[in-house]
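Visitor: Could you take me on a close look at one place where two helices pack against each other? I would like to know how they are arranged and what sits between them.

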Amino acid sequence: MARRGSSVTLTVDVYEQIRQKILTGKLAPGTPLRPSELGADLSVSVGVVREALTRLAAQRLVDSEHNRGFHVITLSPDKLKELVSARQLNECRALELAIERGDVNWEGNVVAAHHRLVNTPVYTNEDDDHTNDAFLAEHKTFHFALLNGCGNRYLLDICNQLFDAAEVYRRWSAPMIDRRSNAAQEHRAIMDAALARQPGEAARLYAEHIGITAELVVQRFDSDITSSGRV
């Protein structure tokens, strides 16, 4: 339920609630997002919901089509290819800049974020079929601890938007991605190269890390096509 307050505050609250449901997979790809139903569920006006959905559409987490209204983004290998290319271009550049500009505080934040990541279980004892929300939060925190040293807020905004769009794919394809054994080694290698002030090597490892994850998602697409008999 949204908190009471100004229209702006309500819009932000509704935006955050819907965004979180998309990123956690509670609203699956392609799910229709009807403002009247969401407004009733969240006890806010249709106008507030529309403003929130419009903001989510601008961030590419929601699609808006004529005569179809709003719906959670649909997923496809072609869209994923474009997303991966954009992430590699922007996030790798942000990482290179962070390595060039980052100070000792940046180094400490990277080490601390990595420590929390490796000490957060990927799954909980209660549910070993779905990735632990705390792990996913620490995973993003680690990535952006690396990137935050770039000193360019506009570039970071782009990276954040792209990362969140990729998170929808990640949630959809889990646990295939999160069960792969070498992800932790990849994170450690990226951190070591960054702290050693090797921008080229760190960017190369980062790009490979993103690419490997994408390959696993494509395998999920292929698996679904095979199992459904579609060609």
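Guide: Here is a walk through one helix pair, followed by a few spots elsewhere in the chain. Please keep in mind that this is a predicted model.

Let's start with helix H5, residues 104-118, and helix H8, residues 183-195: their axes come within 11 Å and cross at roughly 170 degrees. Angles over 145 degrees count as roughly antiparallel, so H5 and H8 are roughly antiparallel to each other. The crossing of H5 past H8 is left-handed. On the H5 side, the contact is made by Trp106, Glu107, Val110, Val111, His114 and Leu117, while H8 brings His187, Arg188, Met191, Ala194 and Leu195. Sorted by character, the residues of this contact comprise 7 nonpolar, 2 polar and 2 charged.

Just beyond H8 comes a loop that leads to helix H9 (199-228), and arginine 197 lies in it. Arginine 197 is not a glycine, yet its phi is positive, at about 60 degrees. With a relative accessible area of 31%, arginine 197 is partly exposed.

Serine 43 has a positive phi too, near 60 degrees, and is likewise a residue other than glycine. Serine 43 sits in the loop between helix H2 (35-42) and helix H3 (46-58), and its relative accessibility of 27% makes it partly exposed.

One last stop concerns aromatic rings. The count comes to 1 aromatic pair: phenylalanine 144 and phenylalanine 163 meet edge-to-face, 5.6 Å centre to centre, with 75 degrees between the planes. Phenylalanine 144 belongs to helix H6 (residues 133-147) and phenylalanine 163 to helix H7 (residues 153-173), 19 residues apart. Both phenylalanine 144 and phenylalanine 163 are buried.

Conventions. Residues are numbered from 1 along each chain as its sequence is written. This is a predicted model: local features need pLDDT of at least 70, side-chain atom pairs count only at pLDDT 80 or more; totals for chains, interfaces and linings use all residues. Side-chain values use heavy atoms; hydrogens and water are left out. Axes are lines fitted to C-alpha atoms, for helices over the stretch in contact, and angles run from 0 to 180 degrees between N-to-C directions. Helices (H or I, at least four residues) and strands (E, at least two) are DSSP runs, numbered from the N terminus. Angles under 35 degrees count as roughly parallel, over 145 as roughly antiparallel, 65 to 115 as roughly perpendicular and the rest as oblique. A crossing is left-handed if the near helix is turned anticlockwise from the far one by less than a right angle, and right-handed if clockwise. Contact means heavy atoms within 4.5 Å. Ala, Val, Leu, Ile, Met, Phe, Trp, Tyr, Cys and Pro count as nonpolar, Asp, Glu, Lys and Arg as charged, and the others, Gly among them, as polar. Rings of Phe, Tyr and Trp (its six-membered ring) pair if their centres lie within 6.5 Å; planes under 30 degrees apart count as stacked, over 60 as edge-to-face and the rest as tilted. Buried means under 20% relative accessible area, exposed over 50%, partly exposed in between (1.4 Å probe, protein chains only).
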